[in-house]
Number of protein chains: 2
Amino acid sequence: MPQVKVVLVGPRVDGNVGAVARSMANFGFSELCLVDPCPLTDEAFKRAKHANYILRGAQVVDSLEEAIADCFHVVGTSGIVTTGEKHYIRIPLTPKEFAERLKGVEEKVAVVFGPEDTGLRQGDLARCDLLVSIPSHQDYPVLNLSHAVAVVLYELYQGSVHVPSPKKASERERDKLYEFFDDLLDAIGYPEFRRERTSIMFRRMMGRALPSRWEFHTIMGVFKDATKLIRGK
Amino acid sequence: MPQVKVVLVGPRVDGNVGAVARSMANFGFSELCLVDPCPLTDEAFKRAKHANYILRGAQVVDSLEEAIADCFHVVGTSGIVTTGEKHYIRIPLTPKEFAERLKGVEEKVAVVFGPEDTGLRQGDLARCDLLVSIPSHQDYPVLNLSHAVAVVLYELYQGSVHVPSPKKASERERDKLYEFFDDLLDAIGYPEFRRERTSIMFRRMMGRALPSRWEFHTIMGVFKDATKLIRGK
């Protein structure tokens, strides 16, 4: 079973928060984090039913950064999917593909859901390594928050057969790789106006690949040598 | 898309009925039948949101028999699963298996959900051709009614639609990228004895990332420029 922290950013309907807690218990998850939530009234506890303990134990923080500080992978969810290829930020996996991808991952994963009305903002999405979107009907694609959580956790629970995997790269190593990539862009004189987009695209792609530590180090070495050679001329 | 009629037997919480209607719309279903339901107050319509039309159009009947009269297959759902072989009535499919099974079925299918507290009674279950149960954690296996509906309809929707995804890179483009990567290794004087291993690793990693055509081209551009700059010195 992957270590999953469910992060709700700015939930506005406290009944939804309770329903999320219940869903978490239904699928064997217990770590809930609320970023700047609405007050939790009796309605939340009523909807949580036997999962009251998850609500009571929930971490409450002010920002997404605090919420994901102890997580290795950060996975955003979005109901709105653009099909244009260039919208790099929003190329999503289905919950099923996501569950597949998570098999064998041992580091803690934050699964982040946005507010009921607006979803995650662009800035929050940019912070995510991976994006998950639930396939839904075009006429009314936006699921209730707790239903979206239920579907994603259902897939994770279904897919939770343990498969051993090589050690994944640590956060520091990953940041290092991204630095090296940015450095390479710099060295090759990559156009300034495209740099951020390409940099985010690279993170997102690596996020989807969930590389092992060895893979990170190898690629890092290649980038470093290339950059050095270019600068050394 | 299979013809599905969602049948709620004796729902007691009208907010749930509204949430079920919304879920139905989210996954492209619209035929709802309520057997001896609680009164539907504003709460139900509030929770249904843009799926109000499903609530207004719902068939209301007194018995399960009436509800399924126009259906060819009758599928019951149950949160409680016994493993004893003799309880033949309760050997269930997962929602995923159910969706698989339904592919190509053209007749109308009733998917029947019981009251929130008790679930479907033995007599109702006996009337069903097939039983579906959502895999859930033993400590708290009982899902909220509307969540159970959402998970089952999610699988039916997934099983019946082509999920659009960004155009994947073609084989030729991918080979081109791998060539550029090998070329970069060459340009930086990467040790011969490690080259094949690193080259395979890169392919493997890209394979997992399933990059879009745009992502491939972007990375290819970076590698190409780097190689050119190194060689040009």
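User: How much area is buried between domain 1 of chain A and domain 2 of chain A, and what share do carbon and sulfur atoms give?
Analyst: About 1300 Å² is buried between domain 1 of chain A and domain 2 of chain A, and carbon and sulfur atoms give 55% of that. Buried area is the accessible area (1.4 Å probe) that two parts lose on being put together, summed over both. Keep in mind that this is a predicted model, where local features need pLDDT of at least 70 and side-chain atom pairs count only at pLDDT 80 or more, while totals for chains, interfaces and linings use all residues. Residues are numbered from 1 along each chain as its sequence is written, chains are lettered from A in the order in which they are written, and side-chain values use heavy atoms, with hydrogens and water left out.

User: Where are the two domains of chain A?
Analyst: Domain 1 covers 3-158 and domain 2 covers 171-231; such bounds come from an automatic or database domain assignment. Their C-alpha centres lie 28 Å apart.

User: How many residues are in contact there?
Analyst: On the domain 1 side of chain A there are 16, and on the domain 2 side eleven. Contact means heavy atoms within 4.5 Å.

User: Which side chains form the salt bridge?
Analyst: A:Asp129 and A:Arg174 do, at 3.7 Å from N to O. The rule finds one salt bridge across this interface, meaning a side-chain nitrogen of Lys or Arg within 4 Å of a carboxyl oxygen of Asp or Glu.

User: Changing topic, how many salt bridges are there between chain A and chain B?
Analyst: The count between chain A and chain B is zero. Even so, 65 residues of chain A are in contact with 64 residues of chain B. The area buried between these chains is about 5700 Å², with 66% from carbon and sulfur atoms.

User: And how many disulfides over all chains?
Analyst: Zero, from a search of the whole structure. A disulfide here is a pair of cysteine sulfur atoms within 2.5 Å.

User: Why does B:Cys71 have no such bond?
Analyst: Because the closest cysteine sulfur, in B:Cys33, is 8.2 Å from the sulfur of B:Cys71, too far for a bond. B:Cys71 is buried, at 12% relative accessibility; buried means under 20% relative accessible area, exposed over 50%, and partly exposed in between (1.4 Å probe, protein chains only).

User: What about B:Cys128, buried or exposed?
Analyst: B:Cys128 is buried, with a relative accessible area of 14%. Its sulfur is 11 Å from the closest cysteine sulfur, in B:Cys71, so the two are too far for a bond.
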